[in-house]
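Work through the exercises below with the sequence and the model open beside you, and try each task before reading its solution.

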Amino acid sequence: MDQSDGGALGRLRATNRELLVGLVEGAGRLSRSELTRRSGLSRSTVSGLVKELLADEVLVEHEDRGTAHGGGSGRPPILLGLRESPGVVVGIDVGHRHVRIGLAGLDGTVRDEERFDMDVDETPDDTLDRLEEVYRGLLDAAGASGADVRAVALGLPGPVDLEGRMTSSILPRWRGHTPAVELEPRLGIRPTVDNDAHMGTAGEVTFGAARGVADLIYVKAATGLGAGIVVDGRLVRGGTGIAGEIGHVQVDESGRVCRCGSRGCLETEVGARRLVETLQTAHHERLTVDSVLALETEGDAGVARVLGDAGRAIGRVLADLCNVLNPQRIVVGGSLGASTALLGGIREAVDRYAQPNAADAVSVVPGELGERAELMGALATALAQQRSALLR
Ligand SMILES: [Zn+2]
C-alpha cells in the first residue's frame, strides 16, 4: 500500500467513526447488530471501529436489562451509548486592554464567561498568573475540574507564528515568548494559539455575520487593526502565520512612528487610540471609545467626520484586497465596528478604489458578535480541536 492509500483509508476510517458516533448519539443506545444494520457497514468493520471507540472512551457499553435473558441465550444483550461526558472547552481572548475567558459545553453553549482589565504592556507573567486564577475560578463555578477540559484556545493581540511564538516588536514585553508553552503547566493543557483577528474571523464564521460565506475578509478595528482572510472556506495563515496584518500597511510615508518600527501605518493613523486623541482636542470631558461612539449616535458632526475619514483610510486598503481576492463580504468587528460612519467610509472607499466588478461583489457589514467575536472564535477553535481529536 502506498502513502496516498494510507491517507485515503485514514480519512475513510475517520468518516466511519463519525457515522457510528452520530448513529449512537441519535438513538441514545444501540446494539452492535443494529448499528451494523443502520450504518450499512460490514459487521467486521463495525466491530473493529466499536472496539477502538470503546478503548478511546468515546463509547461505553450498557447491559440491556429491559430485555435481558430473553430468547434463551442466557446472555443479556449489550447496548452501546456515548460516554456521558461533563467535558468543556475554554476560549481565551487577550486584548490590548482586557482579557476575556469563556467556558462552553461540547455542544457549543457558553456556560460562563469573565472579563478583566489588563494592560498588554504588563509583563506576560502577570497576565498569565491572573489568567490561571480566573481559569480556575470558572472551572470551580461550573463544577468542573482540569480533567474535564478537552481543549483550550488562546487569541493574542499581535502576530503569532505557526509555532505559537510572538515574533514581532509590536508587543515588546511579549516578544520571544511562547504563551501556549508557558500556560501549559499553569492550566494542565496546551492551548492552541492564534492572533486576535484570526480568532475574530473564526467567531464570525462559526457563530456570526460570516456564516455560510466562503470568501470574506474580517477586519478587527479597535486599538489595533488586523484582518482575517478566508479564501474558499479556509482561513489564510500564510507562510509564517501572520497573513492579514493590514494594520501595518503604510498609508502615510511621513506619518507617526509605529510600534512595528515603520511610519504612518494604518493602525497608527486610524487605530481607536489615535481617533480618541484626535477628537479629544475639541472636547472638555475625557473621551473613550465608548463615549466617542455615543457622541456619534447623538449626531456629533466632528465625530462622524473623523470616523468617516478613518473608514475611508481602512477602505482604501481593503479596496486593493478586493481587487486581489474578490471577497463576497467584509465583516467589520472590534470596538469601532459599531460605528455607522466608519462602515460608510469603508463602503465609499471600496466603491471608489476597487474595480467595479469586485466592488459590486462585496457587501460591507458590521460583525454580529461585537467585541466578543475573538472570544467566540477561541471557543470555536477549541471545539473544532476537540472534535478532531475525538475522531482521529
Ligand atoms: Zn506598524
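**Exercise 1.** Count the salt bridges between domain 2 and domain 3 of this predicted model, and examine the pair formed by Lys220 and Asp196.

*Solution.* The count between domain 2 and domain 3 comes to two salt bridges. To examine the pair, begin with the division of the protein, in which domain 1 covers 3-82, domain 2 covers 88-199 + 374-391, and domain 3 covers 211-367. By these bounds Asp196 falls in domain 2 and Lys220 in domain 3. The closest N and O atoms of Lys220 and Asp196 are 3.0 Å apart, and the pair therefore meets the cut-off of within 4 Å for a salt bridge. Besides salt bridges, four residue pairs are found in polar contact across the interface of domain 2 and domain 3.

**Exercise 2.** Determine which elements supply at least two residues each to the side of domain 2 that touches domain 3, and sort that side by residue class.

*Solution.* Strand S8 (192-195) and helix H6 (196-207) each supply at least two residues, and H6 gives the most, with three residues. Sorted by class, this side of domain 2 has six nonpolar, four polar and five charged residues.

**Exercise 3.** Describe the spacing of domain 2 and domain 3, the residues that each contributes to the contact, and the area buried between them.

*Solution.* Take the spacing to begin with: the C-alpha centres of the two domains lie 25 Å apart. The contact then takes 15 residues from domain 2 and 21 residues from domain 3. Finally, the area buried between domain 2 and domain 3 is about 1500 Å², with carbon and sulfur atoms giving 50% of that area.

Terms used: Residues are numbered from 1 along each chain as its sequence is written. This is a predicted model: local features need pLDDT of at least 70, side-chain atom pairs count only at pLDDT 80 or more; totals for chains, interfaces and linings use all residues. Side-chain values use heavy atoms; hydrogens and water are left out. Domain bounds come from an automatic or database domain assignment. Contact means heavy atoms within 4.5 Å. Buried area is the accessible area (1.4 Å probe) that two parts lose on being put together, summed over both. A salt bridge is a side-chain nitrogen of Lys or Arg within 4 Å of a carboxyl oxygen of Asp or Glu. A polar contact is a pair of N or O atoms within 3.5 Å; within protein, one must be able to donate a hydrogen and the other to accept it, and residues adjacent in sequence count only if both atoms are side-chain atoms. Helices (H or I, at least four residues) and strands (E, at least two) are DSSP runs, numbered from the N terminus. Ala, Val, Leu, Ile, Met, Phe, Trp, Tyr, Cys and Pro count as nonpolar, Asp, Glu, Lys and Arg as charged, and the others, Gly among them, as polar.
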